[in-house]
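Reader: Before I rely on any descriptive term, I would like to see the value behind it set against its definition. Could you take me through a few of them?

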Amino acid sequence: MRKNYQLEKRKFVIGGFFALIVIIYLFRLYSLQVKDETYKINAESNAFLKRTTYPARGLIYDREGRLVVFNQPAYDVMLIPRDVQNLDTMAFCSLLNMTKEQFEEKWADMKNPQKNPGYSSYTPQKFLSHISFEDYGKLQEKLYMFPGIYIQTRTIRKYNYDVGANILGNIREVSAEDVKNDTYYKSGDYTGDLGVEKSYEGALRGKKGVEILMRDALGRIQGKYEEGVHDVPPESGNNLTLSIDMELQRYGEKLMKGKLGAIVAIEPETGEILALVTSPSYDPSLLIGKDRGKNYADLVLNPLKPLYDRSIQAMYPPGSTFKPTQGLIFLQEGIITEGTSFPCSRGYVNGIRVGCHGHGSPIALKPALQTSCNAYFCWGLKNMIDKKGTKSVDQLNKWKDYLVQMGYGYRLGIDLPHESRGFIPNSEYYSKSFRGPNWGGNAIISIAIGQGEVLATPVQIANLSATIANRGFFFTPHVVKEISDSVIDLKFREKNVPKIDKKYYESIAEGMRMAVTGGTCRGAAFPGVEVCGKTGTAQNPHGRDHSVFMGFAPYRNPKIAIAVYVENAGFGATYGVPIGSLMMEKYLNGSISPERKGLEQRMISSNTIAGSGVKKH
């Protein structure tokens, strides 16, 4: 009898088909029972309710141990959608002063996966945020009427000071992007937004806990599972100690009221920021509670931009506060010595007119710093860029390298978000602008006096002052001094040392001291302390010049270095110098001397916004 090979093949095909079905069936069972946790979650949710318990956020203190930011209870209305049955909507809305339309809108938002990623009818969902203590009391009393609804206690921030909002930041509800990028967060959680609340979020937020509750057959809560043995308690966040002196911060914001600009004060020997003022600012308590959204929108729409931190974000021409950098570079490169003199017939001419004011001529380095001579530093730059036997492009790049070492042109790395880098041009920039490398010192002469294309942030200018105060080094400026008894990031403990000999810094410091004893900074002097300073009047193509000051004190063993920038306020001596001087006196002496009280009152009451061309909100 002949074998039917066709039939044999058919048997293998049919057998393989059934085997494939079994494999698919087993794989599906594995996926459903092991990999896919939906059924597990659903089953567990019938027997247990896992509630997240939230940690207390870390407290924030200032450098003197004053409590700045603390916590107070906040109450969110939570619900498990599948457990909310036969809800008396009208009674619920009446209890919380809601309309039916508002209720339906919030319910729809809660179920919308785009607005509420990870929504599940089996897991707790946030329905209302930050209900008042009165509403909490009323709802707690009637909670038995609303199965599936409970109150989640959290904490929100409270402030002991109405200043320093740019430093402190705030907290907000997480976005879908936050939830996607960090598994710690679930929809409805809170995260730091701006300031140290954002940059130190990981330290401040702590660790969540879990409370496991039992249900009966009808889904009613019966108490803790096995008396809470399996509960995980939350861990409180770390406390922060700021380097900021909040009383000095308050004083700085008072002096800057009615003005646009910034103050940055640094302790030179540590890089710790003592005050970081931006003006205008706002009360940080505006961004807590139910009115946060409205208040935030008002701040965004305010034409004076109170959310814009001018101290670390604004990029300004540094004006004559840039001249000490030029003196250091020219000395190091051998372009000048302390005795080198240049002519000044009320400015630098040599084919391009750069004006100056009346003083002796020719003039050497220290008197040039004392009188803020423009011509001196223009001649110095021209001689460096056009030095015989060199190329202009190479000389400018060398010039920029020194400035980068001094903290210009790149972010310093301050421990706050959104720091700007400023701008220092290189040879490629100018070769592109001039359509070729055939340019010389005269073509770019304005950068010698901190004008033209040069831009710097107030924190960079203050950092230069700290570098000169230290006679040749700086620590990266930072606003956090300590995290729960442990030192901060080690990068803030590393010295940054520009490649300029220490002896040259002494010459610059002496020139800045001469500016206070008998030059453009005479208004910076105050009793009992030797002050060093440098004025700046930065040209502004959009209106009045900006008033700028940079200084430090005392001359020996400096304790404070400062930069002040007041937009559209005219000469540096008009506002920059007196504000900087008052800040240093307040910090070093604890109070303002009686003979300077009139100056103090004049700075507090003056308003430069009216002439700035910016309309008030």
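Author: The answers below deal with a helix pair and a sheet. This is a predicted model, in which local features need pLDDT of at least 70, side-chain atom pairs count only at pLDDT 80 or more, and totals for chains, interfaces and linings use all residues. Residues are numbered from 1 along each chain as its sequence is written, and side-chain values use heavy atoms, leaving out hydrogens and water.

Reader: Why are α10 and α20 called roughly perpendicular to each other?

Author: Helix α10 (residues 246-255) and helix α20 (residues 597-605) pack at an angle of about 70 degrees, their axes 7 Å apart. Angles of 65 to 115 degrees count as roughly perpendicular (under 35 is roughly parallel, over 145 roughly antiparallel, the rest oblique), and α10 and α20 are therefore given that description.

Reader: Which residues of α10 and α20 meet?

Author: Y251, K254 and L255 in α10 meet E600, M603 and I604 in α20, where contact means heavy atoms within 4.5 Å.

Reader: What makes β12 and β19 the edges of the sheet?

Author: The open sheet has five strands in the order β12-β11-β21-β20-β19, with antiparallel pairing, and two strands pair if DSSP finds at least two bridges between them. β12 (272-279) and β19 (532-538) each have a single partner strand, so one side of each lacks a neighbour in the sheet.

Reader: How do you know that β20 and β21 pair?

Author: Strand β20 (residues 546-553) and strand β21 (residues 560-566) share seven bridges in the antiparallel sense, set against the required minimum of at least two. V548 has Y565 in β21 as its bridge partner.

Notes
Axes fitted to C-alpha atoms, helices over the stretch in contact; angles between N-to-C directions. Helix = DSSP H or I, 4+ residues; strand = E, 2+ residues; numbered from the N terminus.
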